[in-house]
Amino acid sequence: MDRPQRVVIVGGGQAGGATAALLRAYGFDGAIVLIGEEPGLPYERPPLSKAWLKGQADADSLLLKPAGFYEEQGIDLLLQRTAVTIDRVARTVGLDDGRMVGYDRLVLATGSRARRIDVHGHDLDNVLYLRDQADAERLKAVLSTGGRIVICGGGYIGLEVAAAARDLGVEVTVIEQQQRLLARVASEPLAAFFLRHHLDHGVDFRLNAQITTFVQEDHKVVGVALATGELLPCDAVVIGIGAVPQDGLAIAAGLECDDGVIVDGSACTSDPCIFAIGDVSRRPVVLYDCSFRFESVPNLIEQAKQVAAAFTGRPAPRPETPWFWSDQYDTKLQIAGMVCRGGALVIRGDEAQNRFAVFHLKGNRLMAVEAVNSPAEFMAGKKIIADCRHVCVDKLGDLDVPMRDMII
Amino acid sequence: MDPSRSASRGVGPLAKVTYVEFDGTEHVVDVPVGTSVMKGAIRNNVPGIDADCGGHCSCATCHVHVVAPWRDKVGEATGAEQALLQFADGVDGGSRLSCQILITHDLDGLVVTMPEVQG
Ligand SMILES: Cc1cc2nc3c(=O)[nH]c(=O)nc-3n(C[C@H](O)[C@H](O)[C@H](O)COP(=O)(O)OP(=O)(O)OC[C@H]3O[C@@H](n4cnc5c(N)ncnc54)[C@H](O)[C@@H]3O)c2cc1C
Ligand code: FES
């Protein structure tokens with residue numbers, strides 16, 4: 001296909017910003033228009049549930065690129081503007097102010113939004129979510145006044161908020177519907193470790209718990225009632241129950257979607273002129289022979305590279321091992337690969353010392369590693385997975401054998 | 001639209017850092033003292049450094065080679081950085097994670113080269 005001359009990117013998050021920047025870095029000299037709903041420049045979200053809440057990051061440090069960058073690089077920013085329609089025949093995007101923006105190639109980077117909770121009282125003022133900078137600022141203000149919070153959801157965001165809140169001296173109860181934490185995303189031993197770790201830091205848990213209602217007084221939640229009849233008093237509620245892709249625009253335009261916009265290995269959708277990357281996309285995962293909708297920074301960077309390579313005629317980048325990180329208290333978790341159920345597990349290191357790795361195996365093929373304060377295990381695992389190498393399963397648990405000697 | 005042009009202007013003292021891409025393309029950038037070699041590249045859109053984790057020493061996608069004359073001044077990787085680097089592609093005696101090198105006055109003129117791939 002012809003080299004594009006005019007690229008329009010919808011979504012000014014990290015995926016949209018990274019695509020614009022990479023296109024220029026790869027020498028693209030056509031027009032780039034970046035349309036974003038949020039008021040500010042593209043920024044990184046991961047610190048919002050970590051350093052930001054503790055006052056260790058400011059708005060400037062979150063920015064993907066400095067303010068002058070976009071003008072210098074000839075990237076047209078249309079901020080506080082929402083794309084509302086796509087006309088695939090005319091190749092235009094319609095904005096909320098009535099403007100039409102023409103494209104040769106369109107990149108959808110509309111991301112995901114926090115899943116809303118369906119509980120009576122969900123719309124009260126002190127029921128908080130954490131997705132953008134405004135949410136994070138609100139939450140930070142609540143945490144700074146001390147008191148007690150209830151967190152709904154024992155996933156990464158819930159647990160990171162719990163850690164930040166405890167570091168600030170706030171009392172925390174985490175409510176989780178499932179029997180255990182991180183049920184969708186982590187192994188049993190890792191979930192058990194984080195439960196203990198948070199208990200040691202004074203977090204209270206209600207697992208296997210159903211919320212019946214948010215008890216209110218003067219338009220504020222003052223307590224969370226559980227199906228068991230228990231009432232947990234609190235000053236605010238934080239909801240972290242996952243995210244949903246913002247694929248409405250793509251669905252309305254008739255693009256193939258299935259909990260996310262379906263794309264191929266170069267991030268191309270069912271329309272050859274439209275690409276989709278980041279949280280909004282469901283992409284093939286070559287190393288696992290499946291498709292998945294990731295919500296992670298490494299994923300969006302990999303896809304931004306795919307798009308920038310496709311638009312500038314560079315060879316497609318090599319498939320990467322999916323990976324993710326999370327920081328809680330002084331513990332650094334790094335996960336490489338996809339954690340699937342059913343495989344054999346080998347633990348290396350000492351859980352009691354907060355330093356161990358859980359290896360997931362299919363035969364002697366490494367499928368995933370969950371590394372707690374174990375950067376060498378993480379990095380070795382990430383590489384072994386990318387290279388599809390086999391490992392010595394019986395030595396993996398032996399700390400005396402260095403990771404480099406595990407590869408068969 | 002020259003990607004090597006500095007986008008970080010104004011505040012505080014600056015040090016010159018030269019980033020050399022794997023294919024030999026050079027980018028000379030003014031990096032504010034106190035920021036990392038990684039941030040200097042990212043903020044100026046120098047290609048070749050991914051920095052997936054944003055500088056938290058978690059990813060090793062900001063790997064650079066410090067050229068020989070600068071190695072003593074920059075120092076060696078330790079701890080988690082060293083652990084990550086062991087398994088990065090194309091590691092040599094000058095390998096560092098650029099998010100862990102903070103720019104000081106002493107590093108004015110620093111030259112780093114970038115590996116073919118990150119990660
Ligand atoms: C609190 C928090 C902590 C996280 N921590 C980590 C972590 O430790 N490690 C990790 O790897 N990942 C982490 N993530 C996930 C990571 O931040 C996301 O994967 C990433 O932000 C996805 O980027 P994106 O650009 O695809 O989508 P988003 O960040 O959701 O950005 C999409 C943007 O598009 C805009 N938009 C949507 N629709 C339109 C439209 N029609 N018109 C114009 N603009 C539109 C939105 O307003 C938004 O600004 C975290 C996420 C959160 C919220
Ligand atoms: S940016 Fe991730 S280790 Fe340097």
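Which residue is the bridge partner of A:Ile262 in β20(A)? Keep that question in mind while you open the structure, which is a predicted model, and select A:Ile262 together with β20(A). The partner that you will find there is A:Arg282.

**The small sheet around that pair**

Now widen the selection to the strands β18, β20 and β21 of chain A, which form an open sheet in that order, with mixed pairing. The edges of this sheet are β18 (261-262) and β21 (290-292) of chain A, and each of these strands pairs on one side only. If you follow β18(A) across to β20, which covers residues 281-285 of chain A, you will see that the two strands run parallel and that two bridges join them.

**The ligand and its shell**

Next, select ligand 1 and display the residues around it, of which there are 34, the closest being A:Glu38, A:Arg45, A:Lys50, A:Arg131 and A:Asp279. When you colour this shell by residue character, it divides into 13 nonpolar, 13 polar and eight charged residues.

To see where the shell comes from, highlight α1 (14-25), β2 (31-36), α8 (297-312) and β22 (323-328) of chain A, each of which supplies at least two of its residues. The largest share, three residues, comes from α8(A). Colouring by domain gives another view, for at least three residues of the shell are drawn from each of domain 1 (6-113 + 243-312) and domain 2 (116-239) of chain A.

**Contacts with oxygen atoms of the ligand**

Zoom in on A:Arg131, where a polar side-chain atom lies 2.8 Å from an oxygen atom of ligand 1. At A:Val297, by contrast, look at the backbone, where an N or O atom lies 2.9 Å from an oxygen atom of the ligand. A:Gln14 also offers a backbone N or O atom, in this case 3.3 Å from an oxygen atom of ligand 1. If you then switch on a surface, bear in mind that the protein covers 95% of the 1,000 Å² of accessible area that ligand 1 has on its own.

**Two annotated regions**

Finally, select residues 6-293 of chain A, where an unreviewed UniProt entry places the feature "domain: FAD/NAD(P)-binding". Over this stretch the chain is 22% helix and 31% strand, and the C-alpha atoms at its ends are 27 Å apart.

Then move to residues 323-406 of chain A, where UniProt, again in an unreviewed entry, places the feature "domain: Reductase C-terminal". Here the chain is 14% helix and 43% strand, and the end C-alpha atoms are 20 Å apart.

Definitions and conventions. Residues numbered from 1 in each chain as written. Chains lettered and ligands numbered in written order. Predicted model: local features only at pLDDT ≥ 70, side-chain atom pairs only at ≥ 80, totals over all residues. Heavy atoms only, no water. Near = heavy atom within 4 Å. Polar contact = N/O pair within 3.5 Å; in protein donor to acceptor, adjacent residues only side chain to side chain. Areas by Shrake-Rupley, 256 points an atom, 1.4 Å probe, with all protein chains shown as cover. Helix = DSSP H or I, 4+ residues; strand = E, 2+ residues; numbered from the N terminus. Nonpolar A, V, L, I, M, F, W, Y, C, P; charged D, E, K, R; others polar. Domains from an automatic or database assignment. UniProt positions renumbered as here; feature names shortened; annotations may be inferred. Pairing = 2+ DSSP bridges.
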